[in-house]
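Here is a short report on one protein chain. Keep the sequence and the 3D view open as you read.

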Amino acid sequence: ELKKTQSFTKMNLDAMKDLAKIIDLPCLPHRIEGYDISHLQGSNAVASRVVFIDGIPAQQHYRHYKIKNPNIKVGHSDDFKSLQEVIKRRFYQATDYPDLVMIDGGKGQLSSVCKTLEEMNLLSKIKVISLAKKREEIFLPNQSQPLNTNADQPGVQLLRKVRDEAHRFAISYHRQQRLKKSKISHLDEISG
């Protein structure tokens with residue numbers, strides 16, 4: 001049992017070292033936060049934050065967010081504005097910063113988050129990247145091309161786990177909100 005735990009810890013350590021090397025971090029990314037948006041054509045837009053500490057999901061730090069932007073509604077989704085809202089809410093008056101923020105998406109999602117962090121004077125304090133789904137491409141701020149990585153690298157595998165968990169957590173909350181809304185009738189709004 002102890003040997004199994006030690007090898008798992010070594011696997012996580014190797015993944016964190018590889019990730020630090022890939023994205024040029026000065027130290028190991030002990031706390032990684034992953035963000036994703038979920039909606040159905042703009043309806044019931046929600047977001048998730050998952051946290052991995054030393055490569056392991058730390059569910060006590062997970063959070064759901066209902067998107068409050070009134071412009072995001074049925075027929076009008078905006079992942080960029082949704083991500084900006086969530087990042088503002090997370091880091092407004094925050095005193096604790098993760099070693100890495102990973103956004104589920106590509107260059108556009110990353111740019112919108114960077115813009116928000118810059119407006120909050122936090123871009124120099126928070127390392128942020130995005131991971132695009134199809135080819136597991138890692139994007140860094142102000143770079144038009146993704147990093148040249150191999151999808152089988154331990155660091156990329158760690159990012160994939162964070163991304164997949166953020167996606168799962170967002171979708172489960174979105175379904176829950178949709179189900180709750182489907183049980184409400186206009187007749188419920190009539191008093192008496």
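## Overall build

The protein has four helices and seven strands. This is a predicted model. Read from the N terminus, the elements follow the order α-β-β-β-β-α-β-α-β-β-α.

The chain holds 192 residues, and 45% of them are buried.

## A covered strand

Start with strand β5, which spans residues 100-104. How many of its residues are buried? Five of the five are, so the strand is mostly covered, given that buried means under 20% relative accessible area.

In a regular strand, side chains alternate between the two faces of the sheet. Now look at the two sides of β5. L100, M102 and D104 sit on one side. V101 and I103 sit on the other. Every one of these residues is buried, and both faces are covered.

## From β5 to β6

Strand β6 covers residues 128-132. It runs parallel to β5, and four bridges join the two strands. One residue to find is I103 of β5, whose bridge partner in β6 is S130.

What lies between β5 and β6 along the crossover? The chain passes through helix α3, residues 107-119. This β-α-β crossover is right-handed.

## Helix α2

Helix α2 runs over residues 79-91 and has 13 residues. From its first C-alpha to its last, α2 reaches 18 Å. That is close to the 18 Å expected at 1.5 Å a residue.

Look at both ends of α2. At the N-terminal end, D78 acts as a cap. A side-chain oxygen of D78 lies 3.1 Å from the backbone nitrogen of F80. After the helix comes Q93, with a positive phi near 60°.

Which residues of α2 are buried? They are S82, L83, Q84, E85, V86, I87, R90 and F91. An α-helix has 3.6 residues a turn, so residues three or four places apart point the same way. Trace the buried residues on the helix, including L83, I87 and R90.

## The second largest pocket

The second largest pocket holds about 170 Å³ of space. Its lining has 13 residues. Which of them lie nearest the centre? They are D36, I37, D79, D104 and K133.

Three elements give two or more residues each to this lining: β1 (31-40), α2 and α4 (154-182). Strand β1 gives the most, with five residues.

Two elements described above meet the pocket here. D104 belongs to one side of β5, and D104 is among the residues nearest the pocket centre. Helix α2 is one of the elements that give two or more residues to the lining.

Terms used: Residues are numbered from 1 along each chain as its sequence is written. This is a predicted model: local features need pLDDT of at least 70, side-chain atom pairs count only at pLDDT 80 or more; totals for chains, interfaces and linings use all residues. Side-chain values use heavy atoms; hydrogens and water are left out. Buried means under 20% relative accessible area, exposed over 50%, partly exposed in between (1.4 Å probe, protein chains only). Two strands pair if DSSP finds at least two bridges between them. A crossover is right-handed if, with the strands pointing away from the viewer, the path from the first strand over the helix to the second runs clockwise. The expected span of a helix is 1.5 Å times one less than its number of residues. A polar contact is a pair of N or O atoms within 3.5 Å; within protein, one must be able to donate a hydrogen and the other to accept it, and residues adjacent in sequence count only if both atoms are side-chain atoms. On a 1 Å grid over the protein atoms alone, a cavity is a set of points where a 1.4 Å probe fits but cannot get out, and a pocket is an open set with protein on both sides within 12 Å along at least five of seven lines; lining residues have an atom within 4 Å of a point. Grid points are joined across faces, edges and corners, and a volume is the space filled by probe spheres set on the points.
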